[in-house]
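Q: I should like to learn how to read individual features of a model, one at a time. Where should we begin?
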Amino acid sequence: MATESAGESAGDSASVARRAVDAAPLIDHHVHSVLRDVTEREALERFLTEAGKPAAQGHSYFDSFLGAALLRTCAPVLDLPVTTGPDEYLARRMELGGEEANRRLLGAAGVAEFLVDHGYRGDDLAGVAEFAELAGTKVRRIARLEQVAEAVVAGGADAASFADAFAEQLAAELSGPEAAVGCKSVLAYRHGLDVDPAEPGPGEVREAAREWLAHARNSGELRVSHPVLLRHLVWAGLKAGVPLQFHTGYGDPDLELHRADPALLTGLIRLAAPLATPIMLLHCYPYHRQAAYLAGVYPHVYLDVGLAINYVGYRAAAVLAEALESAPFHKMLYSSDAFGLAELHLMGALGFRHALAEVLEPLLSRDGRSEEEVARFAAMIGSGNARRVYALPAGT
Ligand SMILES: [Zn+2]
């Protein structure tokens, strides 16, 4: 067509890849809800770092690829130019109000479904139903194993009844119309992935529960971190019949990074193979190549590069390309791991689409694959793998 711009011509493989990726729906399989509102610069900046602390005196977390990507991606959604600075951005966000800002940003993400982990600081964020309403899309829950265990003990279970009470509560989480579609373990945070991979016996679990409850009584701290109990929760998750997500790699300073290397799960992955439960390695960065190897060689292992997509800014395509070096396309999923700021939900989705198009483009220009094939790969990675692995009903 004479009116077609050069960038949209059929021969431009970058545009073709982009079109194929844009047509693919996204399911964000690991994400959190949003804050109802943000009214202070410091509160906004807290979500641009895993540090949990303000930037060094006189500095700003906006001075990063993440900060630059936020302004570039989100300012136009709030009717501002991309050249907007952080203060102007926040002023406009407050003028619109949290609800309107959330609706605009989440809506612009264009995500088909969110699988939400609401077990971390859930009280600070919009509830799951509220988040679904703001996003205008389907939202399903993921059950966080450690939180279920702590709730069972808070509800009165003792050392002798803990295992049964936990099993019962987990079964309840996974049934009914609001059933969680997967479980999640934060073993990496509570101990490290370097645990004995074997399933503990009932006597060991009872004894560990006794130690945990005695410690909880003395310290007033209910957080479960006993390695035997954490292993028990993992095995209960593996036997629950839904995918089991593991936090791996990048996170806040509560974890020791080298003990969050997914390769440390190799023993567990082997032992769990007969169950065929999908093991979902979350985030993975900077160990995404290790995770890709595991996903490449073990049929029940999958990965994403959530969180890193946002944090590495314009380098997202490089990280995604590294993760796809050894993982086949049917093992990669989309996740933003966005938490708190709807900006992160939007940046995750747009950043991922941008990165995926860049990574898949050589299949057209170098390998001679067709647009249809590239569209099929994009659909697989964007949502098809999640829909298959989590057994999500089609088209909801
Ligand atoms: Zn996460």
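A: Let us begin with Pro 286, which lies in the loop between β6 and α13 (288-297); helices (H or I, at least four residues) and strands (E, at least two) are DSSP runs, numbered from the N terminus. This is a predicted model, in which local features need pLDDT of at least 70 and side-chain atom pairs pLDDT 80 or more, while totals for chains, interfaces and linings use all residues. Residues are numbered from 1 along each chain as its sequence is written, and side-chain values use heavy atoms, without hydrogens or water.

Q: Which kind of peptide bond joins Tyr 285 and Pro 286?
A: Most peptide bonds are trans. The bond between Tyr 285 and Pro 286 is cis, with omega at about 5°.

Q: What is the sign of phi at Asp 79, and what is it at His 283?
A: A negative phi is what most residues other than glycine have. Asp 79, in the loop between α3 and α4 (86-96), has a positive phi near 65°. His 283 also has a positive phi, of about 65°, but this residue belongs to strand β6.

Q: Is His 283 buried or exposed?
A: Buried means under 20% relative accessible area, exposed over 50%, and partly exposed in between (1.4 Å probe, protein chains only). His 283 counts as buried because its relative accessibility is 0%. His 30 is buried as well.

Q: Which residues coordinate the zinc ion?
A: Donors are N, O and S atoms within 2.8 Å of the metal (3.2 Å for Na, K and Ca); water is not among the atoms, so sites may look incomplete. Here the zinc ion is bound through NE2 of His 30, NE2 of His 283 and two OD contacts from Asp 337, at 2.0 to 2.6 Å. The spacing of these donor residues in sequence is H-x252-H-x53-D. His 30 lies in strand β1 (residues 27-31) and His 283 in strand β6 (residues 279-283), so that this pair, 253 residues apart, links distant parts of the chain.

Q: What geometry does the site of the zinc ion have?
A: The ideal angle for four tetrahedral donors is 109.5 degrees. Four donors count as tetrahedral if all angles lie between 85 and 135 degrees; four count as square planar and six as octahedral if opposite donors are over 155 degrees apart and all others between 65 and 115; anything else is irregular. The four donor atoms of the zinc ion make angles of 51 to 114°, and the site is irregular.

Q: Where is Ser 383 placed, and which residues does Ser 383 touch?
A: Ser 383 sits in helix α17 (residues 371-389). With a relative accessibility of 7%, Ser 383 counts as buried. Leaving aside residues up to four places away in sequence, Ser 383 touches Pro 25, Leu 26 and Ile 27, contact being heavy atoms within 4.5 Å.

Q: Which residues lie nearest the centre of the largest pocket?
A: A pocket is an open set of points on a 1 Å grid over the protein atoms alone, where a 1.4 Å probe fits, with protein on both sides within 12 Å along at least five of seven lines; lining residues have an atom within 4 Å of a point. The largest pocket has 35 lining residues, and Glu 50, Tyr 120, Tyr 189, Asp 252 and Phe 339 lie nearest its centre. Helices α7 (145-154), α9 (187-190) and α14 (308-311) each supply at least two residues of this lining.

Q: Which residues are closest to the centre of the second largest pocket?
A: That pocket is lined by 15 residues, and Arg 72, Gly 313, Leu 350, Gly 351 and His 354 are the closest to its centre. Two or more lining residues come from each of α3 (65-74), α14, α15 (316-323) and α16 (342-365). The largest share, six residues, belongs to α16.
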